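Student: I have the sequence and the model open. Can we go through some backbone and burial details?

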Amino acid sequence: MRIAIVGAGALGLYYGALLQRSGEDVHFLLRRDYEAITKKGLKVFSIHGDFTLPQVQGYRAPEEIGAVDLVLVGLKTFTNHRYAELIEPLLGKNTQILTLQNGLGNEEALAELFGPERIIGGIAFLCSNRGEPGEVHHLNAGRIILGEYLRSDHQRLEQLVAMFVKAGVDCKATDDLKRTRWEKLVWNIPFNGLSALLLQPVNRLLEPGPCRQLVRELMLEVIRAGNAQGLTQPISEKFADGMLEFTDNMGEYRPSMQIDREEGRQLETASIFRIPLADGRRQGADMPRVEMLATLLEQAVA
């Protein structure tokens, strides 16, 4: 499969590297890593074993890549206004678009531009960070759940699942993409938000005491708002306890939003906070703690 990686950050570089290693024809749209990767290749440091790709197909502009079979979108969501310029040159008649971005609203924006039949949503439960130029560090997890935005061809979903599994990724399909998006928010909202606000890794948030309790209360607000969206199966409150146990094993992990704030970059507050808050409010499920966290975070970076 001819694949373009649009948004070659920690997520895009990691999954793109795995796909290339497994034999797919992967083309990376690069910015700050262009010189390092095109000259020296891509190094992956992973809990599953380190490896290097000596030769990587890297480009500065999508027009240099041309039409592909699959566009894998790993952009930060505050750059979604660039969808048209970055993705349009990559489209052929049957090109599929897979977004592995955070939060809500990405499939809808892509569908409006390129047609809902092309769009597949993916939720990546991945702990990875950028290192030096040309390096990516995989620290934990890595599972992907894929779902069609417009249910039309489940076979293509199974083919993509098989492609990721062949590349060494724990991957499966879902019939309820919305539910899986909200499940990811159960983790993303408290940990990305609090870590970015307090500039503390996740293990500090989970020390026994009031902060750990606040994390759980935030999770329960998100679960209630998600369940108000008409999911095929409600999210259990036990899911929050599972996420807490999962995160207990991460150690001093800094979520992406904390790193972005520390490095002075824009934050993904719209997709991770404001759109979910609005969706919850429309269904009569306010999230006052989440609202306060979003407001404090926005004030802190203003």
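Tutor: Helices (H or I, at least four residues) and strands (E, at least two) are DSSP runs, numbered from the N terminus. This is a predicted model, in which local features need pLDDT of at least 70, side-chain atom pairs count only at pLDDT 80 or more, and totals for chains, interfaces and linings use all residues. Residues are numbered from 1 along each chain as its sequence is written, and side-chain values use heavy atoms, with hydrogens and water left out.

Student: Which residue just after α5 takes a positive phi?

Tutor: Helix α5 covers residues 154-166. Just after α5, a positive phi of about 95° belongs to Gly 168.

Student: Within what arc do the buried residues of α5 fall, seen down its axis?

Tutor: Buried means under 20% relative accessible area, exposed over 50%, and partly exposed in between (1.4 Å probe, protein chains only). In α5 the buried residues are Arg 156, Leu 157, Leu 160, Val 161, Met 163 and Phe 164. They line one face of the helix, because the directions from the helix axis to the C-beta atoms put them within an arc of 160°.

Student: Which residues are exposed on the other side of α5?

Tutor: An α-helix has 3.6 residues a turn, so residues three or four places apart point the same way. On the other side of α5, the exposed residues are Gln 155 and Lys 166.

Student: What is the relative accessible area of Leu 199?

Tutor: Leu 199 sits in the loop between α6 (177-198) and α7 (202-205). Its phi is near 55°, positive although the residue is not glycine. Leu 199 is partly exposed, at 37%.

Technical notes. The expected span of a helix is 1.5 Å times one less than its number of residues.
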